[in-house]
Amino acid sequence: MQRFTRPALQRLLLSTIAILWSSYPLSAQSITAARINEVMIDNVDNYIDSYGKRSPWIEIYNSSAGTIDLAGCFLTNDPQNLKKYMIPKGDILTIIKPRQSVVFFADEMPLRGTFHLNFTLTPEAPHYLALVSSDGSSIIDEVEIPAAIPADHAYARIDDGVRTVAPAEAWHITQHTTPGSNNVVKDKNEKINRLQEADPNGFVMTITAMLVVFSGLLILFLAYKLVGIVAMRIEERKESLHNRVHREPTTVTSTTDDPLVAVAISLALTTELQLGGGEAPGQLTIRPRTQAYEPWSDKSQMMRPTVECKRLKA
């Protein structure tokens, strides 16, 4: 029978725990990141559902960096009944990507689909809303909505998905509603606003723009100038090497270095002097050639004589 040592048992136990942990649904680990992010009670001229109706709506936001699934969780407006509406399972639209949100309509018409609740909200009274885990008892997020919120105004978090110690400090009433989108919409640029305050006439901006443009032109000029200088230096070097090659004298090997040639020349001169080829004894006279050509190389001496053919008379 095979016996396991203590280190082997430890590795086996750790491997089993890792497999079980990896097989556990990630949505169950991050479902606590879901937040009730924005609520509208009196929807008069605002968000319309797929049926063309306007009704109160609740936005659920995923504040985590992972995907969560709301399927099996509960939404309620009654603290005594935490299982008032169960979000159906099997609908892929209940899966919320990171930093995204979904909208539920409180229209008391659950037969219209997953995102239509079985309760509604009225503007005359305050309301309690809670998002409950799939166990039906663990509250993921909850909020108390004050009464008399103006029509087409929403009760929303100041920062998306941010929970504070004092809930009243994290929520406010806003006319700028963003169902299915982020509550924080930046319609102003702080840097531009500060620049406008510091330079109301735009003088500094004009000077800065001109300096940027002229600096760019100066850099381009210097770059092209440098490239031109380098190209001229390379061309001058090539031309210098070319001239040096063509100006160097060609070394001609003298035939007099060969002893046989020297002997032949000496014999020829001796024979010429002995035969009396010069004008005076012991002298060798060399006269310039008087003929423009040598007869032996004349083309006329190399041509064949023309054969005259006489036509025979009949």
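**Notes on the two sheets and the cores**

1. First up, an open sheet: five strands in the order 7-2-1-10-11, with antiparallel pairing. Keep in mind that this is a predicted model. The edges belong to strand 7 (101-105) and strand 11 (171-174); each has a single partner strand, so one side of each has no neighbour in the sheet. On average, and ignoring direction, neighbouring strands here are turned by 30° against each other.

2. Zooming in on one edge, strand 2 (residues 57-62) and strand 7 run antiparallel and are joined by five bridges. Within strand 7, Phe105 is the residue that stands opposite Trp57.

3. The other sheet to look at is open too, with four strands in the order 5-4-8-9 and antiparallel pairing. Strand 5 (85-86) and strand 9 (139-145) sit at its edges with a single partner strand each, which means one side of each lacks a neighbour in the sheet. Strand 9 is tied to strand 8 (residues 127-132) by six bridges, and the two run antiparallel. Ala130 has Glu142 in strand 9 as its bridge partner.

4. Now the packing. The largest nonpolar core has 30 residues, and those touching the most other members are Ile36, Ile58, Ile60, Leu70, Phe104, Leu129 and Leu131. At least two residues of this core come from each of strand 1 (34-40), strand 2, strand 7, strand 8 and strand 9. Another core, of five residues, lies apart from it and includes Leu82, Tyr128, Ala130 and Val132.

5. What is Phe104 in contact with, leaving aside its neighbours within four places in sequence? Its contacts are Pro56, Trp57, Ile58, Ile60, Leu70, Leu75, Ile87, Thr114, Phe115 and Leu117.

Notes:
Residues are numbered from 1 along each chain as its sequence is written. This is a predicted model: local features need pLDDT of at least 70, side-chain atom pairs count only at pLDDT 80 or more; totals for chains, interfaces and linings use all residues. Side-chain values use heavy atoms; hydrogens and water are left out. Two strands pair if DSSP finds at least two bridges between them. Axes are lines fitted to C-alpha atoms, for helices over the stretch in contact, and angles run from 0 to 180 degrees between N-to-C directions. A nonpolar core is a set of buried Ala, Val, Leu, Ile, Met, Phe, Trp, Tyr and Cys residues joined through side-chain atoms within 4.5 Å. Buried means under 20% relative accessible area, exposed over 50%, partly exposed in between (1.4 Å probe, protein chains only). Contact means heavy atoms within 4.5 Å.
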